[in-house]
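Visitor: I have a new model open beside its sequence and would like a guided tour. Please take me through it one question at a time.

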Amino acid sequence: MDVIVRPTPSLQGEIGALSSKNYTTRYLLTAALAEGQSTIYYPAHSEDSDAMRRCIADLGAVLEEDDEKIVITGFGSHPQAVKELNVGNAGAVLRFLMGIASLCPDVTFVNTYPDSLGKRPHDDLIDALGQLGVKVDHREGKLPIRIQGGQAKGGKIQVSGSVSSQYLSALLFLTPLLEEDSEIEVLHDLKSKVVIGQTLEVLQEAGIIIHASDDYMSFRVPGRQSYQPRTYTVQGDYPGSAAVLAAAAVTNSDVTIHRLKEQSKQGERAIVDVLRMMEVPLTHENDTVVVKGDGRLKAVEFDGDAATDAVLAMVAAAVFAEGTSRFYNVENLRYKECDRITDYLNELTKAGARVEERQAEIIVHGRPEGVEGGVEINAHFDHRVIMALTIVGLRSQKPLVIKDAHHVAKSYPQYFDHLTTLGASVEWVK
């Protein structure tokens, strides 16, 4: 389905942040890897987290869920044999479970999104699993991927971090369960280090011991460990909330978002700091952000690597800022559901924004007067692109039609409902 986003001069109201997708998927996995019952309060519901629910159930976990919590009886270090797993379009779920599938005799991850996840590379993780003695059949590093495991052995492992931190996270979930101790060395650069901090935080909560260097470039992992059943509470999600906060920043607004933890390890909490740098009037106290925007913003320069999933929303806000903004160290945006630099900037240009791309940078020449809009744009099946283009539509002179906007459900199914609650003029069309 498509959505029409009409110019909306002001947003007002209060919402609670949706629960964090990143923490939910990690808690679901650690609960499945524990023997016994774990409880997760306020788990996220999105296509990604639901893909993790579906796959751990296929691997033998028992899930019981109500409106407040999910109770999971895990399979420990012995997932049941399964021939196929379908992660949908969830890249992180695929990569985490490629590691866990190494404990199974023969699993094939099928390709149901050939134009999105099916195009993304996984070579670096495939290479690392090979070092553990796991046989992986694949098509140039892409789905479908067949993993013949059951004999994985720890030891010294090297993995590249230059494309994604998810490969490293996959190894950190797997290696504590192996008989041998492991040493993991990260080669080249490590993208999205802050997300590794989230993985380590969740592993520690699950009773797993990992010895990490300060720069996250080397790890010592004792083997023969067991995940412990725990009770977890999922915090609010900054990546999704970044889009709502940016929407409030570019309009005349009085918007309050609850459940955004001030000391969160989510790198995307930087959206609050970036909006402050843009001179947006806001407060962040008692896990609540209040934006009283007037639509006037100043340009910024920002290293986007620490806040990957909020960069597109920041760029959308910068479209209307006074001056030229620069978002650098963002090359890993090219390896997401789409190329979030080239594809996204092409659509922004159609809407009337003045933007430039470099291999690892996005440059935005702000237009405080607004952009023309009045066009149909393609979000490339990417939830973050959909949310960011919506921000631009709210400040366009004419409506924007965003194609296939229902793919926002990958991470934030309630996004358009929340915007409508705040007064945004959006309409679904077939």
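Visitor: Which residues in α5 are met by G91, A92, R95, F96, G99 and I100 in α3?
Guide: Helices are DSSP runs (H or I, at least four residues) and so are strands (E, at least two), all numbered from the N terminus. A contact here means heavy atoms within 4.5 Å. In α5, the residues that meet this set from α3 are Q166, Y167, S169, A170, F173 and L174.

Visitor: Before we go further, what kind of model is this?
Guide: Residues are numbered from 1 along each chain as its sequence is written, and side-chain values use heavy atoms, with hydrogens and water left out. Local features need pLDDT of at least 70, side-chain atom pairs count only at pLDDT 80 or more, and totals for chains, interfaces and linings use all residues: this is a predicted model.

Visitor: At roughly what angle do the axes of α3 and α5 cross?
Guide: Axes are lines fitted to C-alpha atoms, for helices over the stretch in contact, and angles run from 0 to 180 degrees between N-to-C directions. The axes of these two helices come within 8 Å. They cross at roughly 40°.

Visitor: How many residues of helix α3 are buried?
Guide: Buried means under 20% relative accessible area, exposed over 50% and partly exposed in between (1.4 Å probe, protein chains only). The cover over the buried residues of α3 includes α1, α2, β7, α4, β9 and α5. Helix α3 spans residues 91-100 and is mostly covered. The count of its buried residues is 10 of 10.

Visitor: Is T25 buried or exposed?
Guide: T25 sits in helix α1, which spans residues 21-32. Beyond its neighbours within four places in sequence, T25 is in contact with D48, S49, M52, V93 and F96. Its relative accessible area is 4%, so T25 counts as buried.

Visitor: R120 is in a loop; what is its relative accessible area?
Guide: The loop that holds R120 lies between β7 and α4. Not counting residues up to four places away in sequence, R120 touches G91, R95, G141, K142, Q166, Y335, K336 and E337. R120 is buried, because its relative accessible area is 5%.

Visitor: Which strands stand at the edges of the open sheet?
Guide: Two strands pair if DSSP finds at least two bridges between them. The open sheet has four strands in the order β4-β5-β3-β14, with mixed pairing. One side of each edge strand is left without a neighbour in the sheet, because each has a single partner strand; the edges are β4 and β14.

Visitor: Which residue in β14 stands opposite I40?
Guide: Strand β3 covers residues 37-41 and runs parallel to β14, joined by three bridges. Opposite I40 stands Y232.

Visitor: How many residues lie between β4 and β5 in their hairpin?
Guide: Strands β4 (residues 62-65) and β5 (residues 69-73) pair in the antiparallel sense over four bridges. Within this pair, E64 stands opposite V71. Helix α2 lies across both strands, at about 140° to β4. Between the two strands of the hairpin, the number of residues is three.

Visitor: Which helix gives the largest share of the largest nonpolar core?
Guide: A nonpolar core is a set of buried Ala, Val, Leu, Ile, Met, Phe, Trp, Tyr and Cys residues joined through side-chain atoms within 4.5 Å. The largest one has 80 residues, and those with the most contacts inside it are M278, F327, Y344, L348 and Y415. Nine of its residues, the largest share, come from helix α7.

Visitor: What does L348 contact beyond its neighbours within four places in sequence?
Guide: L348 is among the residues with the most contacts inside the largest core. Leaving those sequence neighbours aside, the partners of L348 are V315, V319, A353, V355, L389 and V392.

Visitor: Which peptide bond is cis?
Guide: P144 lies in strand β9. Omega is near -5° for the cis bond from L143 to P144.

Visitor: What is phi of R224 near?
Guide: R224 lies in the loop between β13 and β14, and R224 is exposed, with a relative accessible area of 52%. Phi is positive here, in a residue other than glycine, and is near 60°.
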